[in-house]
Amino acid sequence: VLDEIKNLASEQSPFLAYLHLFSPHEPYRPRKQFTDIFPELEIPFKAPTKFSTLDIDNDHILWRRKTYDEFVADVDSEIEKLVNALDEAGVLENTYLILSADHGELFERGEYGHVTRLLYDAVVHIPLLVIAPGQNSRVDVHHPTSNIDLLPTLLHIAGKTAATDLEGRILPGLGGSEESRSLYAIEAKECSAFGNLKDGATVSLIRGEHKLIYYTGYPKRPDTFELYNLKDDPDEMKDLSTLDTTTTAKMKEEMLDTFESNRKLK
């Protein structure tokens, strides 16, 4: 990765590089110096749901989580080397470096990994780190964003105008504002590419501090909604769908309207 970026930078012309690393994907294989580096954590037990497809022993899940954390730390150390080397080579003087992910990993409710029907935050809450040219101090932005925001942000940085039909927004701190918005995530691996989401999918909608999860089309499972308050209950332990019926109804209406409007576009 370092050689590729340095070669591109040496051409003295603008460049865009998309580099997708396999690690820390499964199988989790941290190097020896990263094993057993973390203290044992007290992690709340979360029982499998009716949409869990696995039923793995909790001790085994916690062992996998430990190994995954160690592997992430291993990869993190390599990213540190990369950033330092790019800085020393002068590449970061006029280059934006963005680090993100395509998904998280789940270690709860009888399941692990990301091949799951479940869309709890462990799967959808991913890192987004931006190093801007000339940046010499850390800035934390506590505002929900999405990977769909990367394209309009990159266009803005390059001085280009984004297409009007892009759903993403310019990221806060890079020219955008912290506007309230609805953020969706979809799990639809069981659907045909030529079918629709009603063939078996899970959809989550995050708006403000609330998150609505919708399971639809799964065989022998009725359509189901779950509601969580991510501020008060970040572990998503207490389903509020039958307790906070007002919020559930509003978010359910928004989600189903979005479903319908996208169906009509096709």
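This is a short talk on aromatic pairs, two charged side chains over rings, and the empty spaces in one chain.

Okay, ground rules. What you see is a predicted model, where local features need pLDDT of at least 70, side-chain atom pairs count only at pLDDT 80 or more, and totals for chains, interfaces and linings use all residues. Residues are numbered from 1 along each chain as its sequence is written, and side-chain values use heavy atoms, with hydrogens and water left out.

Let's start with the rings. I pair rings of Phe, Tyr and Trp (the six-membered ring for Trp) if their centres lie within 6.5 Å, and I call them stacked with planes under 30 degrees apart, edge-to-face over 60, and tilted for the rest. That gives 7 aromatic pairs. One of them is Phe51 with Tyr215: centres 4.0 Å apart and planes at 5°, so that's stacked. Phe51 is in the loop between α1 (2–9) and α2 (58–88), and Tyr215 is in strand β7 (residues 210–216), so the pair ties together parts 164 residues apart in sequence. Helices and strands here are DSSP runs, H or I of at least four residues for helices and E of at least two for strands, numbered from the N terminus.

Are those two rings buried or exposed? Buried means under 20% relative accessible area, exposed is over 50%, and partly exposed is in between, with a 1.4 Å probe and protein chains only. Phe51 comes out at 1% and Tyr215 at 0%, so both are buried.

Next up, Tyr120 and Tyr228, an edge-to-face pair at 6.0 Å centre to centre with 75° between the planes. Tyr120 sits in the loop between β3 (111–113) and α3 (121–124), while Tyr228 is in strand β8 (residues 224–229), 108 residues away. Tyr120 is buried at 1% relative accessibility, and Tyr228 is buried at 3%.

Tyr120 has another partner: the charged end of Arg109 sits over its ring, 3.7 Å from the centre. For that I want NZ of Lys or CZ of Arg within 6 Å of the ring centre and within 35 degrees of the ring normal. Arg64 does this too, over the ring of Tyr112 at 4.0 Å from its centre. Arg64 is in helix α2 and counts as buried at 17%. Leaving aside neighbours within four places in sequence, Arg64 is in contact (heavy atoms within 4.5 Å) with Glu26, Tyr28, Phe107 and Tyr112. Two of those names come back in an aromatic cluster, made of Tyr28, Tyr68 and Phe107.

Now the empty space. On a 1 Å grid over the protein atoms alone, a cavity is a set of points where a 1.4 Å probe fits but cannot get out; lining residues have an atom within 4 Å of a point. Volume is the space filled by probe spheres set on the points, which are joined across faces, edges and corners. How many cavities of 30 Å³ or more do we get? Just 1 cavity. The largest cavity is about 50 Å³, and its lining includes His143, Thr145, Pro172 and Ser177.

Pro172 is worth a look. It lies in the loop between α4 (150–157) and β5 (182–187), and at 13% relative accessibility Pro172 is buried. Not counting residues up to four places away, Pro172 touches Val141, His143, Thr145, Ser177 and Glu178. Its C-alpha is 8.0 Å from that of His143, 29 residues apart along the chain.

Note on methods
On a 1 Å grid over the protein atoms alone, a cavity is a set of points where a 1.4 Å probe fits but cannot get out, and a pocket is an open set with protein on both sides within 12 Å along at least five of seven lines; lining residues have an atom within 4 Å of a point.
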